[in-house]
Amino acid sequence: MRRKKHQQIAAQVMVFFAEYRLSFQELTLFAQEYFEAADWRAIQKLASERIDLYSEMVREASLAIIDSLEEKAYESDLWHQAKEYYTRLILQRTDPELAETFYNSVYCSVFKHRNIDNAHMFIRSSLGDHNVHSGEAIYSSYSLDEGGMIRMLSRMMDDYAFNIPWENKRRDLRNLLQYMKSTTPDAVLADTETTIEIVKSVFFRNKAAYIIGRVHFENGSEPFVVAVQNNEKGAVYIDTALSEENDVSVVFSFTRSYFLVDINVPSEFIRFLHTLIPGKSIPELYSSIGFYKQAKAEFYRGFVDHLAASEDQFVVAPGIKGMVMAVFTLPSYPVVFKIIKDRFSSSKNITRELVKEKYQLVKRHDRVGRMADTQEFTNFSFPRERFSPELLSELQQVAASSMEITETEVLIKHLWTERYMTPLNMFIDTALQRNDEAALFHAINEFGKAIKQLAAANVFAGDMLFKNFGVTRHGRVVFYDYDEILYLTDCNFREIPEPMYPEQELANEPWYSVGPNDIFPEEFSILTACNRKVRKLFNELHGDLLTVEYWKSVQQQVLEGEVVDVFPYRKVHRFPR
């Protein structure tokens, strides 16, 4: 029987979605092979390919539908019927929430992000309380009554062995045992009812593999992460274990690249992860394992619910106003909204399209815990009554072309959302006012480390003023202003030439030629010129950032293909080898 046109749309979306999911899983499965081979460049390439895969498959699906239905593809009533039919199709799958989001993306691609409503797409999920279960346990369980702690840990290491050997299993067992004794109450370790539950799938990212689980005891449970590294000599070793809630949360940070982890039923997997790390939201967890579009859908639904349950108004975000972006926030919600301004400062040699390219670069690149992930939205609708008069006036002045305003709605044609962080300049000012030496030391040290770790990942931050960095709730300094970032390998680091005569130093313009990517590190001293105490600290901790030699040495490391270790835990946490 020949399919009706709405059935044809639904079927075509499903075909391309199924192909996307299969390709996603195939790419993910290469992670262990590359980890064991210590092929770090291949893992990074794999992560980027997997990010690109989604938009490629959405584009192919939308073009196929337009090609087969021609003008009929733009009939909204047809999509209303297609959605109802598709709703029945997805119930046969183990990933229906992802299928809904893929349908939304195809619909938006066909209609250019217009005619957005729940009648034609899944603004609200159709799944309700429909929970998918794999029928299999997500985790393996180990009990203390099976021969004691050492035998249990040994069995765990055997079960989670790789295709290359442990470098020194006895030493790793000893380190794990000492860690558990130092962090777990004696009563828990002595109770034979205590169990360890470990997610069956190993999480891969960059140069490490992570074994995730929890210690389950009578009155509750405690999550843990075991980090495994490759010694690049054909063996692996346990580098550390983490069980403090903040330490575990940082491993899943929004400033890190997405994990490569094999998953059969995403929603079931996310529900279990959420029991381990309740401090992480559902959108953050989806994003952390590579389903960033699902994270976007979950974020939007949660945001709409929050709007309905709150009354505060959107305001201009705290901090110094940017020259490229207008930024606003809702005080009761930990997110900022970023819009490209209509006009840029004369000092900014950039275009709207180039800004978008920079944000996409960050999405695809290794963020090494020092750049914030973002979500990109088109035609984002806000209730006008929730905008403060000051914010609305500000946005109309600087970003009018990106907005459509009615009596009830503010429609922003293009924006990014990003986790709210305390601007570093505000954090430093507060530390100075309170004479908090420890906080000031931490902030300046983190600032320098952020710049260095980005450089090691082949990212030159460009505009490195304090205002372009934020401080997370865990105290990490993160870069979030991307309009001037460059690949480090594209930079030309130079020393400022000596002037030929004194008048040259007094001139408004430099007395030497400056190419588009020429960088003069000694000029970075202006970053800390605001305060003598800040300048002294920075020069003591990271004065090498002011030298051409430092930057050229890091540049050479990158050119030689070296992938620097930047792990989501402090050196003091690492086990002795």
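Which residues of helix H14 (residues 424–433) are buried? Here are a few notes to go with the model.

1. Some ground rules come with this predicted model: local features need pLDDT of at least 70, side-chain atom pairs count only at pLDDT 80 or more, and totals for chains, interfaces and linings use all residues. Numbering starts from 1 along each chain as its sequence is written, and side-chain values use heavy atoms, with hydrogens and water left out.

2. In H14, the buried residues (under 20% relative accessible area, 1.4 Å probe, protein chains only) are Leu424, Asn425, Ile428 and Ala431. They sit on the same side of H14, because their arc around the axis (taken from the directions from the helix axis to the C-beta atoms) is only 125°. An α-helix has 3.6 residues a turn, so residues three or four places apart point the same way.

3. Those buried residues pack (contact means heavy atoms within 4.5 Å) against several elements, including helix H15 (437–456) and helix H17 (532–542). Helices here are DSSP runs of H or I with at least four residues, and strands are E runs of at least two. After H14 comes asparagine 435, with a positive phi near 55°.

4. Strands E13, E15 and E16 form an open sheet in that order, with antiparallel pairing (at least two DSSP bridges between two strands). E13 and E16 are the edges, each with a single partner strand, so one side of each has no neighbour in the sheet. Proline 423 stands opposite glycine 470 in E15.

5. Elsewhere, valine 265 lies in the loop between helices H8 (245–251) and H9 (266–276). Valine 265 counts as buried because its relative accessibility is 5%.

Methods: Buried < 20%, exposed > 50% of the residue type's maximum accessible area, 1.4 Å probe, protein only.
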